[in-house]
Each structure stands twice: as structure tokens, then as C-alpha cells.
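User: I would like a close look at one helix pair, set against the other packing in the assembly.

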Amino acid sequence: MISTWIAALLTLCVFSFLYKDNPFYRFAEHLFVGAAAGYLLAVQWQSVLIPNVWLPLTHDRDLVVLIPLALGLMMLARMWEKGAGIARWSIAFYVGIYSGVAIPGYMQAQIFAQLADAAKPWPPGWAAVSSALIFVGFLTVLAYFFFSLPHRGVHGAAARVGVYFLMVAFGASFGYTVMARVSLLISRVQFLLRDWLHLLPGA
Amino acid sequence: MPVEGSTRGDRVDPTLAAVLRSGLVTQALDTRWFDPSRLNILIGVLLFTAFLIVNIFRARANADIYVRPIAGLKALDEAIGRATEMGRSVLYVPGLSDMSEVGTFAAITILYRLAQRVAEMGCDIDVPCYDPVVMTVLDGAVREAYSKVGKPDAFRPGCVHYVSAQQMAYVAAVNGFMLRELPAANIYMGSFYAESLRLAETGATTGAIQIAGTDKVTQLPFFVCACDYTLLGEELFAASAYLGREPVQLATIIAQDWAKAAAAAAVVTALALSALGNPALMKWLGAA
Amino acid sequence: MRRGPLLVTFLTGAAVAALYFIPHHTAQAVNSKLLEWTLVVYAFALILGSMSLWNNHARKVKNRAEGWGYSIVTLSSLVVITILGVWKGVGEGTPVGAIYDTVNSPLASTMFSLLAFVIASAAFRAFRARSVEATLLLITAIVMLVGRVSIGPIISPHLPGITEWLLDVPNLAAKRAIALGVGLGAVSTALKIILGIEQSYLGRS
Amino acid sequence: MTWVRRLLAIDRRIIFLLVATGVVLPLLHPLNLPVTVTPRVKAAFEAIDALPPGSKVLISMDYEPDIMAELMPMSIAVMRHCFRKHLQVIAMTLYPAGTGLGERAITVAAKAEGAVKNRDYAWLGYKSGNQVVMIGIGENLRGMYPVDFYGTPLDSIPVTRGVNSYRQMAMVVNLSGSSVTDYWIQFAQGRFHAPLVVGCTAVMATDYYPYLSSRQILGLIGGMKGAAEYEALIDTVGDARRGMDAQSLVHLIVVALVIVGNGALFLSRRSGDAGAPAAGSMTR
């Protein structure tokens with residue numbers, strides 16, 4: 001009950017920004033920044049540091065955990081200017097792992113699997129027209145993103161066609177994005193009208 | 001639409017059934033040292049590595065490699081110049097992603113170049129960060145940039161700072177900064193999501209020059225609408241190479257072009273073969 | 001100075017990439033362990049980040065900078081929630097869970113819903129058919145906006161079909177090419193990092 | 001043409017008011033326009049519907065409150081479908097702030113369908129590290145989640161007993177509003193061949209059509225509209241369906257604004273009205 005009221009008032013604080021920037025909005029904004037950061041910190045503590053460091057160390061006497069712990073502590077050295085060199089080791093480790101994971105991941109999902117699908121035989125009849133268009137669109141958009149040739153001649157023409165395909169795709173994204181934002185607003189208004197003011201029927 | 005008790009198997013699309021079954025294969029402990037179905041990926045990685053290395057050598061031998069100019073990069077200098085004249089700062093938003101996203105790396109490289117210009121011109125830069133790891137990296141890059149142009153003392157500690165790892169909290173704080181501090185130029189480079197429109201729209205109302213670049217295509221329509229210059233998709237990566245004009249960076253762009261050409265050739269060949277009744281290449285591409 | 005870290009990046013990166021091809025269970029166990037460690041490193045990085053947030057606002061308060069009162073709000077909410085969360089947990093039924101539902105959740109979703117208004121105003125003032133490209137973009141967007149919701153089939157029964165075709169053909173073609181380009185960009189960046197060609201993440205370009 | 005100038009310089013707050021009205025009116029006085037089901041949502045529904053009872057489904061709800069409007073109704077609808085089909089749900093989140101939301105979604109769905117914790121579903125909670133967690137689950141679920149959200153070891157929970165990796169799961173459903181979806185495609189599907197169904201925000205939906213074509217994903221539920229379609233498919237009325245009238249009306253308003261804005265600019269240009277304000281504050 002009280003919490004619905006607080007939530008509703010904070011909602012209105014944020015909406016007040018639509019009229020103009022004001023102290024209520026600034027209060028909400030600053031509260032949000034602090035609360036969000038605090039929450040993330042607490043969650044990391046509960047769901048990473050406790051189960052992945054503290055418990056293995058104290059319960060299982062798993063000394064291997066000292067390695068990530070050391071890497072983590074080295075990260076904190078960044079707080080002091082002179083610690084930058086120490087923190088670099090942790091960053092190097094972190095970045096190395098993520099790079100290594102990325103290479104086969106992208107190669108498979110966004111390159112090979114897509115090429116295989118693009119090479120599928122076209123269905124018979126009218127559907128082949130769509131397949132042909134997909135094929136042309138794919139090649140011409142690739143041509144647009146070809147940087148080592150100037151956009152002239154055949155390549156230039158292909159790149160132009162590619163731009164049209166891109167624009168239709170952007171238009172589709174655009175329409176869908178508007179849709180998404182409107183949905184978010186609808187949900188907030190549902191909250192205000194139903195949970196707070198009880199003007200709409202049940203949850 | 002019958003839901004409760006609707007049966008399975010009899011009216012299920014056969015391709016769907018195949019996919020569903022393949023996900024349920026049970027296996028004992030694997031003792032193989034190589035997964036042959038992934039050979040295609042291995043070849044792809046090796047081939048691409050070769051493209052990269054060959055082009056690096058080519059670029060070192062002959063620095064005169066062509067990369068088509070990217071509109072909007074020239075505007076960066078203009079923006080810094082304007083900020084210096086007006087005595088206002090430059091706001092650099094490095095995207096809302098972590099070190100696993102390529103856009104972030106482009107953001108780092110571009111900031112490193114930009115910070116050198118900023119240091120030379122003597123104006124102030126502000127870099128609010130979303131990800132704490134990215135923050136430490138960017139902080140290092142900006143310090144390095146100031147030292148490189150011989151002005152290590154001009155570096156203002158805290159100019160690269162963490163804001164929040166929650167998107168809207170981040171946006172709220174950065175928007176607030178734009179409205180109150182009125183930076184002369186807002187530069188958005190990296191991976192952006194829903195915040196793009198709010199950042200760019202707010203920035204535009206302050207009258208700042210706005211330059212954006214992102215590899216996140218869904219956000220491009222909004223940047224295009226609200227910014228003075230926008231780098232489309234991969235142009236962001238090309239920009240980070242172009243700015244440096246370093247052989248290695250340019251070589252990367254060329255290697256990627258080669259890979260695109262190879263991909264196009266593979267698709268055309270595989271399609272022609274499968275049209276002629278030989279789907280082997282198509283199947284091989286999708287084997288992993 | 002940076003040779004050590006570069007070696008670490010090379011070894012971890014190359015190992016993790018290679019482990020993709022090695023299904024042997026021991027290799028996969030090593031893989032899991034390495035990946036698990038990054039979680040811990042991230043947690044510490046977040047601590048570091050929160051300290052940066054603290055310093056930034058504490059400096060404002062100390063210097064009595066414009067709006068320093070608001071910084072106190074940020075600082076106190078940061079401290080209170082961190083302490084409560086570490087002490088009592090963060091799930092449903094804990095104090096932090098309750099604070100989350102009443103404070104974080106409505107604030108976050110409302111901040112986001114402001115976008116609906118921003119888009120509407122931009123629709124009127126900024127989305128202009130300046131060129132052939134922009135016109136094409138806007139027309140597609142309009143067809144999508146009308147054709148994908150309940151009102152679409154009422155206006156024309158063909159609209160949902162048209163939107164589906166636009167998504168399935170031109171959209172798919174362009175998005176596939178984009179996915180390929182982004183994929184190559186990602187692979188090339190990762191390769192450069194592992195091979196030590198790209199060093200900007202260590203504070204050097 | 002002064003009226004055109006005046007129109008173009010209209011206070012944006014009037015537009016805000018128009019949008020607010022467009023949302024509030026249909027919520028107070030619904031028209032209940034029918035929701036048409038699109039092929040991609042139907043495909044998602046059918047993929048889940050085809051699973052035999054007792055199959056384990058991993059549902060990762062990777063979103064935070066900011067976009068819960070789109071993904072929460074979707075999560076509830078999908079899980080209600082699972083419970084009706086007697087599928088066993090293993091739910092998790094990769095977003096720290098998604099912990100409370102995921103727990104709420106699963107409780108609501110379970111209550112509606114009479115499902116019981118641990119017998120019909122397990123709630124694993126949050127783990128940081130995105131790709132790392134996905135790969136981790138593929139190799140050893142317990143390495144990532146030794147215990148569920150409430151601290152119970154996975155072996156003591158009937159739903160998760162004997163589940164070590166994707167191999168024991170019949171399907172993975174990712175409900176997300178970020179590039180986490182790309183990683184699910186790369187790792188759960190690409191690396192471990194888990195059948196994958198994706199639900200995402202409308203913003204992202206158009207980006208995943210290539211993956212539908214290649215069957216890297218089996219179905220796609222996009223945004224609140226997709227959630228409304230799913231609600232229609234399982235014959236329930238949730239928040240998504242209730243919002244659809246407002247959705248239609250606001251879309252019409254936005255389209256009208258684009259057309260009027262462009263038309264007015266065109267008129268003011270044609271009448272040689274060079275003094276017309278540039279198209280608002282945003283275009284330069």
C-alpha cells in the first residue's frame with residue numbers, strides 16, 4: 001500500500017520532467033543512480049563473491065580460488081595512479097578470455113550459419129522471387145560496407161541498391177522501436193491507473 | 001486454438017521435430033581431442049587470420065592503402081575547435097557496453113585519438129562510463145593521450161568517471177549533465193541501445209554539435225535524425241582505423257573486405273552448386 | 001612493462017578459442033574454470049566502479065558544487081542499499097527486495113517510458129523525408145506502425161501480409177549482411193587483441 | 001502561411017499531452033480490437049507446444065524493470081503455456097536486477113496454472129557473466145549454479161535432478177532486451193545445439209529474422225504485441241492484450257504527426273517562407 005504510493009510518486013517525479021527539468025526530477029534521478037549502483041554491488045556480493053569465492057575457500061578449502069581472488073584484488077589497485085600497472089594484469093586476463101570466446105562464437109553464428117542459409121536452394125514458384133531479392137539485397141548491402149573500393153561504377157551502383165535495402169530495414173526497426181516505447185508507456189499508465197488509482201479492473 | 005492436451009508428433013512440422021530431437025542427444029563423457037564438425041569454423045578462423053597477417057605486411061611495406069573517406073570524421077576536429085573557442089567541454093559517450101563488445105574497442109581507439117586533439121587544443125573532455133572495466137581502460141587511454149602530446153599535467157583526474165551500470169540511471173545522469181554543463185560537442189561512439197534517442201534528443205536541444213557512430217543498427221535511425229553526423233554500422237570500425245592511419249588498423253579493414261569478398265564468393269558458389277543438385281558446400285558451411 | 005599482460009591476453013585468449021574445437025571433457029572443465037574466474041574479476045571491477053561513483057559525488061559535496069545536495073541523495077542511497085544488501089540479502093522478501101520494487105523498478109521503467117513522448121515529438125519535428133533514402137525509411141516505418149497492430153487489418157486486410165513480407169525479405173537481406181559485417185568486425189578485433197596488435201585496452205593504441 | 005509556421009513551432013508539451021490522452025483513453029474505455037497472430041509468434045508457440053510432457057525447458061529472463069512492460073507479460077504467457085503442457089521449467093536470469101522480476105513472473109504463472117515450486121519449476125536466480133554462464137551451463141550446470149536461488153542444492157530439487165547441461169533440456173527460451181540474445185544464439189544454440197526460442201523487445205525483433213530463416217532460432221516473440229499474440233494463443237487475457245488498443249491509437253497518432261510535420265514543412269517551403277523555423281530543435 002505505502003510502497004504503491006511511493007512508487008507512484010516517484011513515477012510522477014520522473015514524468016514531471018516532460019514539463020521541464022525540476023527539483024523533483026533531479027531528486028529522482030540522483031536517488032536512482034545511487035540505488036542502482038548499490039543494488040548491483042550487493043547482488044555481486046551475494047551471487048558471485050559469496051558462492052564463487054567465499055564458500056569454496058572456507059568450506060571446500062579450494063585454494064585454486066585464490067587465483068581469481070588475486071586477479072580481482074589486483075583490479076582494485078587501479079584506485080591509485082601507481083596501481084595501474086598491477087591492474088593491467090587483471091584486465092589482460094579478462095579481455096583475453098572474452099576475445100577467445102568471441103572468435104568461434106561469431107564465426108559460427110553470424111558468418112557460417114548465415115552463409116549456409118543464404119546458399120539454400122530457392123523454392124519453386126513465386127517464392128523464388130523473394131529468395132532472389134534476399135540474395136540481391138545481401139550482396140548489395142555487403143557491397144555498401146566494402147571500404148577498400150570507391151563507390152563508383154558497378155560497385156557504386158550495387159552500393160546504391162544496398163542503401164535502399166538498408167533503409168527499408170532501418171524503417172522496419174524504426175517502426176518496431178516506436179512500438180516498443182509506446183508499450184513501455186502503456187505499462188506505466190496501467191500501473192498508475194490500476195495499482196495506484198484503482199480505475200481499472202484487477203491485475 | 002486447442003492448447004490443453006494438443007498432441008505432439010502427428011502434426012508437428014518435420015524440420016521442427018528434427019531440430020527438437022537433435023537437442024536431446026545424450027552422450028557419455030567426451031574423450032575426443034577434436035570435433036570434426038567444427039572444421040569449417042577452424043578453417044574460417046585460420047583463413048581470416050591469414051588475411052589479417054598478409055595485409056599487415058602489405059600495409060607496412062606500402063602505407064598507401066586506400067580506404068574510402070568517411071563523412072563525419074572531419075567534423076570531429078571542427079567540434080573540438082568549437083568547444084575550445086566557446087570555452088566549453090567536449091562530452092564523449094563511449095557506448096553502453098562492456099569489453100566483450102567490439103563497439104567498445106572502437107570507442108577506445110577513437111577516444112585515444114580524440115583526447116590527443118583535445119589535449120593539444122587545451123579544452124576539457126568529460127567521459128561518463130557505464131561499465132567499470134571500460135572506465136579503467138578509458139582512463140588509461142586518456143592519460144596516455146595527454147602524455148603523448150606532452151601535456152600529462154593538463155590531464156584532469158576524474159574526467160573519465162563511472163556513472164552507473166544501469167542503463168536508465170546512466171542516461172538520466174548524462175542527460176542531466178548535458179542540460180546543466182552545456183558541453184559544446186556531444187560525441188557518441190560505441191555500442192548504443194535504447195538510450196540513443198534520449199541522449200541525442202536531449203543533446204540536440206542544448207544546441208551542441210552532435211556526432212554519433214554505432215554498430216547497433218536499430219539505433220541508427222534515431223542518430224541519423226538527431227545528430228549532425230552519423231557513422232553507419234561498420235563505418236564505426238573503419239573510422240577507428242581511418243583516424244589512426246596506422247598501417248595495422250587499415251590492414252584490418254582490408255582483411256575484412258577480403259573476408260566479405262570470400263563470403264560472397266562462397267555463397268554464390270554454394271548456391272550455384274546446390275541449384276545443380278550438389279548441396280555439399282552448403283551443408284559444409286552450416287556443419288558446426 | 002606491458003609485455004607480461006600481453007602474454008596473459010595471448011595465452012588466455014588463444015586457449016579459450018582453441019578449447020572450442022576440443023570436446024574432451026578435461027579440456028572443457030579447464031574452459032569452465034577460466035570462464036568462472038572472469039566473474040570474480042568483474043565483481044571486483046564493479047567495486048572499483050562504485051568507488052569512482054562515490055569519489056565523484058563526494059567531491060561535489062566537499063566542494064559544495066552546484067547541486068551538491070542531490071549528490072548526498074546518491075551517496076546515501078548507495079551506502080544504505082549496499083549495506084542492507086550485503087547484510088540481509090537481495091531477493092524477494094528482503095529489505096533490499098522491497099526497496100527495489102518500490103524505488104528502482106518504477107524509476108527505471110518510467111525513465112524508459114519517457115521515450116514514447118520523445119519519439120512522438122521527434123516524429124513531428126525531426127523525422128523528415130529529406131532524401132529518397134529518408135523517405136523510404138519513413139514510409140516503411142509508417143507501414144509497420146499501422147500494419148503490425150490491431151488497427152492494421154481493419155484499414156486493409158493486406159497490411160499484415162505486407163509487413164511480414166517487408167520483414168522477411170528486404171529486412172532479412174540487409175540484417176544478414178549487417179550480421180556478417182559485425183561478425184567479421186568482432187572476430188578481427190578479438191584476433192588483434194590476442195595477437196597483441198590491438199593494445200588500446202592496456203592504455204596504449 | 002503563418003499558421004504553418006505556428007504549427008511547426010508548436011510547444012512539444014502539446015504533443016506530449018496528445019500521446020498521454022492516446023494511452024489513457026483506450027485503457028479506460030477499451031474497444032477490445034482483435035489481436036491477429038503473426039507467423040513468427042505462432043512458430044514459437046508451436047515449438048513449445050510440440051514438446052512431450054515432462055520435458056525440461058530452460059527459460060532465461062534476461063531483462064530489468066526498464067523493459068519489463070514488454071517482457072514480463074511475455075514471460076508469464078510462455079511459462080503458463082509450459083505449465084499447462086506439464087513441461088518442467090528451469091528459470092534463471094543473467095541480469096542482476098532481473099532477479100526480483102523473474103521470481104515474480106514465475107510465481108504469477110505458477111499460481112495461475114497450479115504449478116508447484118521444485119516439482120514443476122526451479123528458480124535459479126542470477127549469475128553474472130552472460131556468455132560465460134551460457135558456456136558454463138553447456139559444460140556443467142552446477143559449476144554456474146551449485147544451488148538454486150533459495151540455497152537448495154540442485155540435486156535436492158526434482159526438476160533439476162539429473163540435469164547437467166543443455167543435453168537434458170528439450171528447449172531453451174531466452175526472453176531478453178539486449179545483445180544477450182546474440183550470445184544465446186552463439187553459445188546455447190551454436191555451440192551446444194540447444195533448440196532455441198527467442199522473445200525480445202520490439203526494438204530488437206527485426207534483427208533476428210536472418211536467424212529464423214536459418215532455424216538458429218525456432219520462433220520469435222517481439223515486444224508487447226508479440227506477448228499479446230501469445231496470450232491470444234493460450235487463450236488468456238493479460239497486461240499485453242489489455243494494452244493493445246492504446247498501442248493502435250498511439251501508433252496512429254505518431255503516423256499522423258510524421259505526416260503533418262512533413263506536410264507542414266513542405267507547405268512552408270513551397271510558399272517561399274524562408275523564415276519558417278527549421279524543423280524543430282533537432283534537425284540541423
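In which sense, left-handed or right-handed, does H6(D) pass H8(D)?

Analyst: This is a predicted model, in which local features need pLDDT of at least 70 and side-chain atom pairs count only at pLDDT 80 or more, while totals for chains, interfaces and linings use all residues. Residues are numbered from 1 along each chain as its sequence is written, and chains are lettered from A and ligands numbered from 1 in the order in which they are written.

H6(D) passes H8(D) in a right-handed crossing (the near helix is turned clockwise from the far one by less than a right angle). The two helices (DSSP runs of H or I, at least four residues) span residues 131–139 and 180–191 of chain D, and they pack at an angle of about 15° with their axes 9 Å apart (lines fitted to C-alpha atoms over the stretch in contact, with angles from 0 to 180 degrees between N-to-C directions). H6(D) and H8(D) are therefore roughly parallel (under 35 degrees). On the side of H6(D), the contact (C-beta atoms, placed from the backbone, within 7 Å) is made by D:Gln131, D:Met134, D:Ile135 and D:Gly138, while H8(D) brings D:Tyr183, D:Trp184, D:Phe187, D:Ala188 and D:Arg191. By class, these residues are six nonpolar, two polar and one charged (Ala, Val, Leu, Ile, Met, Phe, Trp, Tyr, Cys and Pro are nonpolar, Asp, Glu, Lys and Arg charged, the others, Gly among them, polar).

In the wider chain D, the assignment, automatic or from a database, gives domain 1 as 2–30 + 244–270 and domain 2 as 39–237, and the C-alpha centres of these domains are separated by 38 Å.

A pair formed between chains can be set beside this one. Helix H4 of chain A (residues 84–118) and helix H1 of chain C (residues 3–19) have axes that come within 7 Å and cross at roughly 25°, which makes H4(A) roughly parallel to H1(C). The crossing of H4(A) and H1(C) is right-handed. Residues that meet there include A:Trp89, A:Phe93 and A:Ile97 in H4(A), and C:Leu6, C:Val8 and C:Val16 in H1(C); the contact as a whole divides into 15 nonpolar, seven polar and one charged.

Chain C also touches chain B, where 56 residues of chain B are in contact with 42 residues of chain C. Helix H5 of chain B (residues 132–148) gives the most to chain B's side of this interface, with nine residues, and that side holds 33 nonpolar, 12 polar and 11 charged residues.

How values were computed: Two residues are in contact if their C-beta atoms, placed from the backbone, lie within 7 Å. Angles under 35 degrees count as roughly parallel, over 145 as roughly antiparallel, 65 to 115 as roughly perpendicular and the rest as oblique.
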